[in-house]
Amino acid sequence: MAKNIPKERKIGMYKAILELKDLDECCAFFDDICAVTELRSMEQRFEVAKMLKEEKVYTEIMQKTNASSATISRVNRMLNYGTGCLSEVLDRMEDAKEQSEE
C-alpha cells in the first residue's frame, strides 16, 4: 500500500471506527468496508497474535489457524518490533477476561 496516502484519508477512517457504538455495529461496519478475504486475514492474524502472546509454538499456531509460517513470523515481528499497540490491546483483553472471571 502506498505510504503517501493523504493523512486526512487515513485519519478519517480511524475517526469513523471510534464512532462505532457497540460490537454489533463494529461487525457491520467492517462487513461493509472490507472484503470477506480481508476480514478473514485480519481475524487470522489477530488469532495468531493471541496465540503468540500465550507462547504457543509455530506448529501449533499453524495447525489451529491455518496461517503460514510467513504470516506467523510477520505477526511475531509486529508484536516484538511494532508500535506495541497490538500487544497492549491483547493485554487489556486478558485483564478484562480475568476480572470478569473473579
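**Reading a six-helix model**

User: Why is Glu47 called partly exposed?

Analyst: In this predicted model, Glu47 has a relative accessible area of 32%, and the class of partly exposed runs between the limit for buried, under 20%, and the limit for exposed, over 50%. The value of 32% falls between those two limits, and therefore Glu47 is placed in the middle class. Glu47 lies in helix H3, and its C-alpha atom is separated by 21 Å from that of Glu25, 22 residues apart along the chain.

User: What makes Thr65 buried?

Analyst: Thr65, which has its place in helix H4, residues 58-65, shows a relative accessible area of 11%. Buried means under 20%, so the value of 11% puts Thr65 in the buried class. Leaving aside neighbours within four places in sequence, Thr65 is in contact with Gln44, Glu47, Val48 and Met51, so that Glu47 appears again here, as one of the residues that Thr65 meets within the 4.5 Å cut-off.

User: How do you know that the side chain of Thr65 makes a polar contact, and what does it reach?

Analyst: The side chain of Thr65 reaches the backbone nitrogen of Ala67 at 3.1 Å. A polar contact asks for a pair of N or O atoms within 3.5 Å, and the distance of 3.1 Å for Thr65 and Ala67 is within that cut-off.

User: Why is Ser87 buried, and which residues does it touch?

Analyst: Ser87, found in helix H6, residues 85-101, has a relative accessible area of 18%, and because the buried class covers values under 20%, Ser87 belongs to it. Not counting residues up to four places away in sequence, Ser87 touches Lys53 and Leu79. With Lys53 there is also a polar contact from side chain to side chain, at 2.8 Å, which is within the 3.5 Å cut-off.

User: How do you know how helices H3 and H5 cross?

Analyst: Two packed helices are described by the angle between their axes and the distance between the axes. For H3, residues 36-53, and H5, residues 69-81, the axes come within 9 Å and cross at roughly 65°, and the crossing is right-handed. From H3, the residues Gln44, Arg45, Val48, Ala49, Leu52 and Lys53 meet Thr71, Ile72, Arg74, Val75, Asn76 and Leu79 in H5. By class, this contact has six nonpolar, three polar and three charged residues.

User: What makes Arg74 partly exposed?

Analyst: Arg74, in helix H5, has 36% relative accessibility, and since this value lies between 20% and 50%, Arg74 counts as partly exposed. Its C-alpha atom is separated by 26 Å from that of Phe29, 45 residues apart along the chain.

User: Why is the pair of Phe29 and Phe30 called what it is called?

Analyst: A search of the whole structure finds one aromatic pair. The ring centres of Phe29 and Phe30 are 5.4 Å apart, which is within the 6.5 Å needed for a pair, and their planes stand at 85°, which is over 60, so the pair is edge-to-face. Phe30 has a relative accessible area of 22%, and therefore counts as partly exposed, as the buried class needs a value under 20%.

User: What makes up the protein as a whole?

Analyst: The protein has six helices and zero strands, and its C-alpha atoms fill a box of roughly 40 × 40 × 25 Å along the principal axes. Of its 102 residues, 18% count as buried.

Technical notes. Residues numbered from 1 in each chain as written. Predicted model: local features only at pLDDT ≥ 70, side-chain atom pairs only at ≥ 80, totals over all residues. Heavy atoms only, no water. Axes fitted to C-alpha atoms, helices over the stretch in contact; angles between N-to-C directions. Helix = DSSP H or I, 4+ residues; strand = E, 2+ residues; numbered from the N terminus. Left-handed = near helix turned anticlockwise from the far one by under 90°. Nonpolar A, V, L, I, M, F, W, Y, C, P; charged D, E, K, R; others polar. Buried < 20%, exposed > 50% of the residue type's maximum accessible area, 1.4 Å probe, protein only. Polar contact = N/O pair within 3.5 Å; in protein donor to acceptor, adjacent residues only side chain to side chain. Phe/Tyr/Trp six-rings, centres within 6.5 Å; stacked < 30°, edge-to-face > 60°.
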